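User: I am new to reading protein models, and I would like to learn how to go through one feature by feature. Could you guide me?

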Amino acid sequence: MKIISLNIGEKRIIQWRNKTVETGIFKFPVKDAIFLDTEFVKDDAIADRKHHGGIDKAVYAYGENHYSHFKELHPNLDWQYGIFGENITFDQLEETQIHVGEIYQLGEVKIQVTEPREPCYKLGIRFNDQSIVKQFWNSTKCGVYFKVLKKGSVTVNDELILLETAYENPTIAEVYHSKKHKQ
């Protein structure tokens, strides 16, 4: 698994269903390295600290291999990396094979798998179509949150190298499936 895009965004205030909403979901590719800190990605906006950022959700990663599935469902969007709100887009990411607790090296950073991303209405805002939320839930293409164990910079083409397995733990897809049924 190799980084193909690094994505950050600024806070935006938008109108949604007669409410003013603050969001950091609008992330776009950047050319330079990004710095992964213990609770966030430096210079990346987090509007909702209850559901994003923090120790267990410092970095959100998504797989480019999932893009084609959603492009078929939403062909008229301006498809750029970061559209799912991810900080890191990997060329391949398979949630059915990544276990909670696994530790990886990524550039100069050491990160640990914590949990899947649960979609909310802000993903629908980014897609300009709330149907994406249900479509996202009805797949295992949820992406992965990571805890940063050793902070530092990552760049495009850095590889995700498995350091410690955690096969005794559920996969991200299994955790996601169980959360879906609690909704």
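User: In which sense do strand E6 and strand E10 pair?

Analyst: Please keep in mind that this is a predicted model. Strand E6, residues 59–63, and strand E10, residues 144–150, are paired in the antiparallel sense, and three bridges join them. Within this pairing, Ala61 is the residue that stands opposite Val144 of E10.

User: What is the order of the strands in the open sheet?

Analyst: The open sheet is formed by eight strands, which follow one another as E4-E1-E7-E6-E10-E9-E8-E12, with mixed pairing. The edges are taken by strand E4 (27–30) and strand E12 (160–164), and each of these has a single partner strand, so one side of each is left without a neighbour in the sheet. If direction is ignored, neighbouring strands of this sheet are turned by 40° against each other on average.

User: Which strands does helix H4 touch?

Analyst: Helix H4, residues 172–180, packs on the sheet and touches E9 and E10, while its direction makes about 30° with that of E9.

User: How should I read the largest pocket, and which residues are the closest to its centre?

Analyst: A pocket can be read by its volume and then by its lining. Here the largest pocket has a volume of about 220 Å³, and among the 13 residues that line this pocket, His51, Glu118, Pro119, Cys120 and Trp137 are the closest to its centre. Strand E9 (109–116) and helix H3 (131–137) are the elements that give two or more residues to this lining. By character, the lining of the largest pocket divides into six nonpolar, three polar and four charged residues.

Methods. Residues numbered from 1 in each chain as written. Predicted model: local features only at pLDDT ≥ 70, side-chain atom pairs only at ≥ 80, totals over all residues. Heavy atoms only, no water. 1 Å grid on protein atoms, 1.4 Å probe; cavity = no way out; pocket = protein on both sides within 12 Å on 5 of 7 lines; lining within 4 Å. Points joined across faces, edges and corners; volume = space filled by probe spheres on them. Helix = DSSP H or I, 4+ residues; strand = E, 2+ residues; numbered from the N terminus. Nonpolar A, V, L, I, M, F, W, Y, C, P; charged D, E, K, R; others polar. Pairing = 2+ DSSP bridges. Axes fitted to C-alpha atoms, helices over the stretch in contact; angles between N-to-C directions. Contact = heavy atoms within 4.5 Å.
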